[in-house]
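Visitor: I am new to this structure and would like a close look at a single part of it, the barrel, followed by whatever surrounds that part. Please take me through it slowly.

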Amino acid sequence: MAQPKIELDGLLAFPLTPFTEGLELNLDAFAETVESHVAAGAGALFVACGTGEFSSLSPDEHAAILRKAREVVAGRVPVWVGAGGGAASARAGIAAAEAGGADGVLLLPPYLVTGPPSGLVDHVRYAVGDSSIPVIVYHRSTGVFTPDSAVELLGIPSVVGIKDGFGDVELMSRIITTIRSVGTDRAKDFLFFNGLPTAEVSARAYAAVGVARYSSAVHCFAPEIAARFHRALAENDDAVMEALLAGFYLPLVALRDEGKGFAVSLVKAAARLRGDKVGSVRPPLVEPTADQIARLEKIIDDGFAVLKSVEAGA
């Protein structure tokens, strides 16, 4: 069955998953987090994905997060949800997402092992099964596709796009060109996303090869900055983008690169600095040190100072 056209325009937000001091799921805090993203203008929410610590969640927690997100959003924006792991887990996750009323699924890479390109396509095909819910395939880690294998995804009707977390712009350019050159409406409507950590840093490079959509972790703690950068990208406003990159994003990335897993735990620390009750991360992720949090606070303050300067026309 052919999928209806999926838009997913605007700034895509990936809410954090709040935990209590005992690292139990905190659904009340999650509801506040979801509402804050919607209020800040997110075009769609992707819950229980990488930023939402998908790998640490039980199936029951995963279902509860989707249920709460749909309850809070109440149809105002699309709610997509993560699925993944081994083949059976990915298949069960997609089925649960469809049963739970999600608008779509982000299919994360296979767990632990990988195979040849044909095996990756078979993994997606098996995970999707007979479901009809839209699926975006995350291209990264153990799930990196070649241009030819990416074209094969067009033969799985539920697959509507690819999100790149691998970071090879040349490869993505070849994948996009190969898919578009098929010449069908399905190939023309196929979606591409930049899913690299702190995607704003690579946003211009990806936009140049036809990947204007991206997910923003910064939307979790500084949606004002994220929204201003997104607008600047749409308007080709290099001056604003360069000011925000130099004064905020590049220092943030330098700090993020100091620790494994900081693409999540540093974002959670930043959200706590802004007053959000998101708690800490589950292991094996670790929290930043006190010194790193102090530097993070300064980076955020500097970012808002740059934003104020930009808005004032300086």
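Guide: What follows begins with the barrel and its strands, and then turns to salt bridges, cysteines and a patch on the surface.

The model is a predicted one, in which local features need pLDDT of at least 70 and side-chain atom pairs count only at pLDDT 80 or more, while totals for chains, interfaces and linings use all residues. Residues are numbered from 1 along each chain as its sequence is written, and side-chain values use heavy atoms, with hydrogens and water left out.

The barrel is closed by 8 strands, in the order E1-E2-E3-E4-E5-E6-E7-E8, and their pairing is parallel. Strands (E, at least two residues) and helices (H or I, at least four) are DSSP runs numbered from the N terminus, and two strands count as paired if DSSP finds at least two bridges between them. In general, strands of a sheet pair through backbone hydrogen bonds, either parallel or antiparallel.

A good place to enter the barrel is strand E1, residues 12-13, which pairs in the parallel sense with strand E2, residues 44-47, over 2 bridges. In that pairing Ala13 stands opposite Leu45 in E2. E1 is also joined by 2 bridges to strand E8, residues 213-216, and these two run parallel; here Ala13 stands opposite Ser216 in E8. E8 in turn pairs with strand E7, residues 191-194, in the parallel sense over 2 bridges, with Asn194 opposite Tyr214 in E8.

Elsewhere in the barrel, 5 bridges join strand E5, residues 135-139, to E6, and the two run parallel. Val135 stands opposite Val159 in E6. E6 is mostly covered, since 6 of its 6 residues are buried, where buried means under 20% relative accessible area, exposed means over 50%, and partly exposed lies in between (1.4 Å probe, protein chains only). Ser158 is found in the loop between helix H5 (147-152) and strand E6 (159-164), and Ser158 counts as buried because its relative accessible area is 5%. A polar atom of the side chain of Ser158 lies 3.0 Å from the backbone oxygen of Ser131.

From the barrel we can move on to the charged side chains. In general, side chains of opposite charge can pair when their charged atoms come close. The structure holds 18 salt bridges, each being a side-chain nitrogen of Lys or Arg within 4 Å of a carboxyl oxygen of Asp or Glu. One of them is formed by the side chains of Arg282 and Glu61, at 2.8 Å from N to O. This pair links distant parts of the chain, 221 residues apart, with Arg282 in the loop between helix H11 (262-273) and helix H12 (290-311) and Glu61 in helix H2, residues 59-73. Both Arg282 and Glu61 are buried.

Another salt bridge, also given as 2.8 Å from N to O, brings together the side chains of Arg295 and Glu258. This pair too links distant parts of the chain, Arg295 being in helix H12 and Glu258 in the loop between helix H10 (238-256) and H11, 37 residues apart. Arg295 counts as partly exposed because its relative accessibility is 33%, and Glu258 is partly exposed, with a relative accessible area of 41%.

Within helix H12, Lys298 and Asp302 are 4 residues apart and so are separated by about one helical turn. Their side chains meet in a salt bridge of 2.7 Å, N to O. Lys298 counts as exposed at 52% relative accessibility, whereas Asp302 is partly exposed, with a relative accessible area of 29%. Arg204, Asp238 and Glu242 are linked in a network of salt bridges.

The cysteines give another view. A search of the whole structure finds 0 disulfides, a disulfide being a pair of cysteine sulfur atoms within 2.5 Å. Cys49 is in no disulfide, and the nearest cysteine sulfur, that of Cys220, is 11 Å away, which is too far for a bond. Cys49 is buried, with a relative accessible area of 1%, and Cys220 is buried as well, with a value of 8%.

Finally, on the surface, Tyr111, Leu112 and Val113 form a nonpolar patch with about 380 Å² of accessible area together. Tyr111 has its place in the loop between strand E4 (104-110) and helix H4 (117-128), and Tyr111 counts as exposed because its relative accessibility is 58%. Patches are made of residues with over 30% relative accessible area and no salt bridge, with like charges joined within 9 Å and nonpolar side chains (Val, Leu, Ile, Met, Phe, Trp, Tyr) within 5 Å; accessible areas come from the Shrake-Rupley method with a 1.4 Å probe, and for residues only the protein chains shown count as cover.

Definitions and conventions: Polar contact = N/O pair within 3.5 Å; in protein donor to acceptor, adjacent residues only side chain to side chain.
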